[in-house]
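Student: I have a model open and some questions about it. Can we go through them one at a time?

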Amino acid sequence: MVDVRGAKHRALIAMLATAPNGTHTRSWIQDVLWRRAGEEHGRASLRRSLSDIRKIFGDDFELIFRVTNADVQLDPKSFELVGSRSDGEFAEGINIPEEGFKNWVHQKRKLLNNDFLLASQVPHNRIAPKIAIVPFATRHKATEEQHLSDLVAQEISRTLSRSRLIRVISHLSSRRVDGTLLDIIQIRETLDVDYVVYGSVGLHDGEYRIDAELVRTSDGQIEWTRQISGRVADLLMNSDDLLDLCSQIGHGILSASVEMAHGRPPGEVESHVLLMSAVSNMHQHRLAGFARARSHLEELISRTPGNSELHAWLGKWYVLSIAQGWSTDPKADSRNAIDCTKRALDSNPHCPLSLTFDGMIRSSDLANLSKVEVQFDRAVEIDPNNSLAWLMNSRLHMFDGNGEMALHFAERACQLSPIDPYGYFFDIIRASALSICEDYVGALDLAEKSISANPRHTSSHRVKVIALALMGRDHDAAKAAKRLTRLEPNLTIQGYLRNHPAGDRPMTRKWADALKEAGVPAR
């Protein structure tokens, strides 16, 4: 047993013990416990505190704590939280005169109120989760920091708003919230959001540092903390870091939804959680999760039968069940998919997502390509930010062997898809377009990126084999082909050409020859 007496030592351990995965970034800890000391002294104070705690725990420190240059973790397996509100207030007796710590304790005490927790667990019928990006706190009152803080919040809001999977509170509305005195309960009640992103922005000698957190407003759970840094000029001219941050926000919401829905009866789960969980599970190539996705979608449709997008998502579920080889009756499931998108368009003939999924389902028949293209064009006309419609247009141009146009549409789709759970699919369509343009190095890079995101997506492996073969890397192509045929043991060149929508086109025959040279059996 150890006796931790220092107030800030006890506070630090309490903060880690109540954090997701027991982890907080060093900069967040500094900001909460040593903000008044300034950044440099705060770093030094945190180092001293960790050194003190190391001495208190002795040899056990390495087993319990993990300390890096970026964050500090208390191993979740090494501790257990005990006690209840009847034993006293949370963090009672830890008196630290720092506003950041006082705010943190205030939040935790509110969130431990049973009445609030019960109220937050009542399911509602909002289909898409709502998120607010509140103003990022600045370490100083400098005008430059305040301007950058506003720009960062505005850019994240604007980027996330392109996605049809989430609803983003306007930047002007989010500005009403003071990012330095964040009250999760007040945000939930005032803005009616399911998630909030907040953090801090700092500037020093032309360099910036952004610390961000994604928080569930239902229970105050921190889904993740992230830190990005670099030159201000690079951030203003090239927002790749912010795009990556937006992608992580989206995937954080998807992961949180899967976690919240898992193991609970669908009827007890909030609608937006069910949808995000279903969409995520549909694209993970795991049969158990894939099956759950259907039950989640059917539960949602029973709640709101007139919602066009839900029928469209169920239609796509049937398509994926065929494409992934899990359908026991492909012909029946193909009819089910078409029936779903028909119901979707009957509910709302102008729904961009439904138009896109309907076109995607029908695009396997080359005789209908002109009609399908009209569907995608209508979807883009109604919603220019419809990334999937742009991507499907790219696929149509690939069928005709128009690599440049296919690449143009695919790149446009990728720019508009910061949080798609099937980003690997976007990458592989773009890789195929590069292959038509004979940029096999670029195609290989994207194929490997797609495989890294989803190792079981066989189309990505096929593109990789084709790129290697057409680059003349015969040994690597043969090795990649063996992995492909292990994942898809029934693959043959004859079947590939028969099942490919453009199997009779020169482009597809060229790809088939490359697969054959790499070792894929002819029949």
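Student: Is Arg505 buried, partly exposed or exposed, and what is its relative accessible area?
Tutor: This is a predicted model, so keep that in mind throughout. Buried means under 20% relative accessible area, and exposed means over 50%. Arg505 falls in between, so it counts as partly exposed, with a relative accessible area of 23%.

Student: Which residue forms a salt bridge with Arg505?
Tutor: The closest N and O atoms of the pair are 3.5 Å apart. The partner is exposed, with a relative accessible area of 53%. That partner is Asp504.

Student: Which residues are joined into one network by salt bridges that share partners?
Tutor: The structure holds 23 salt bridges. Some of them share partners. The residues joined into one network are Arg126, Lys130, Asp192 and Asp194.

Student: Are Glu223 and Arg216 buried or exposed?
Tutor: Their side chains meet in a salt bridge, at 2.9 Å from N to O. Buried means under 20% relative accessible area. Both Glu223 and Arg216 are buried.

Student: How many residues apart are Lys102 and Glu99?
Tutor: Their side chains meet in a salt bridge of 3.9 Å, N to O. An α-helix has 3.6 residues a turn, so residues three or four places apart point the same way. Lys102 is partly exposed, at 44% relative accessibility. Lys102 and Glu99 both lie in helix α5, about one turn apart, and the spacing is three residues.

Student: Which residues touch the most other members of the largest nonpolar core?
Tutor: In soluble globular proteins, nonpolar side chains tend to be buried together. The largest nonpolar core here has 116 residues. Those touching the most other members are Ile131, Phe136, Ile156, Ile210, Ile249, Leu297 and Trp313.

Student: How many residues are in the second, separate core?
Tutor: Its members include Val4, Ala14, Phe65 and Ile184. The count for this second core is 40 residues.

Student: Which residues does Phe136 touch, leaving out those up to four places away in sequence?
Tutor: Phe136 is one of the residues touching the most other members of the largest core. Its contacts include Ser149, Val152, Ala153 and Ile156. They also include Val197, Tyr198, Gly199, Ser200 and Val201. The list is completed by Ile210, Asp211 and Ala212.

Student: Which nonpolar residues form a patch on the surface with Leu151?
Tutor: Leu151 lies in helix α7, residues 143-160. It is partly exposed, with a relative accessible area of 34%. The patch has about 340 Å² of accessible area together, and the other two members are Leu236 and Met237.

Student: How many residues of helix α2 are buried?
Tutor: Helix α2 covers residues 26-33 and is mostly covered. The buried ones include Arg26, Gln30 and Asp31, as well as Trp28 and Leu33. The count is eight of its eight residues.

Student: Which residues of strand β3 point the other way from Asp71 and Gln73?
Tutor: In a regular strand the side chains alternate between the two faces of the sheet. Strand β3 runs over residues 71-74, and these four are all buried. Asp71 and Gln73 point one way, and the other way point Val72 and Leu74.

Student: Which residue stands opposite Val72 in β3?
Tutor: Strand β2 and β3 run antiparallel, joined by three bridges. They form a hairpin with three residues between them. Strand β1 also pairs with β3 in the antiparallel sense, and there Thr25 stands opposite Asp71. Opposite Val72 stands Val67.

Student: What is the phi of Asp205, about?
Tutor: Most residues other than glycine have a negative phi. Asp205 is in the loop between β7 and β8, and counts as exposed at 70% relative accessibility. Its phi is positive although it is not a glycine, at about 50°.

Student: Where is Glu438 found?
Tutor: Glu438 also has a positive phi, of about 65°, although it is not a glycine. It is exposed, with a relative accessible area of 53%. Glu438 is found in the loop between α20 and α21.

Conventions
Residues numbered from 1 in each chain as written. Predicted model: local features only at pLDDT ≥ 70, side-chain atom pairs only at ≥ 80, totals over all residues. Heavy atoms only, no water. Patch = residues over 30% accessible without salt bridge, like charges linked within 9 Å, V, L, I, M, F, W, Y side chains within 5 Å. Areas by Shrake-Rupley, 256 points an atom, 1.4 Å probe, with all protein chains shown as cover. Salt bridge = Lys/Arg side-chain N within 4 Å of Asp/Glu carboxyl O. Helix = DSSP H or I, 4+ residues; strand = E, 2+ residues; numbered from the N terminus. Buried < 20%, exposed > 50% of the residue type's maximum accessible area, 1.4 Å probe, protein only. Core = buried A, V, L, I, M, F, W, Y, C linked by side-chain atoms within 4.5 Å. Contact = heavy atoms within 4.5 Å. Pairing = 2+ DSSP bridges.
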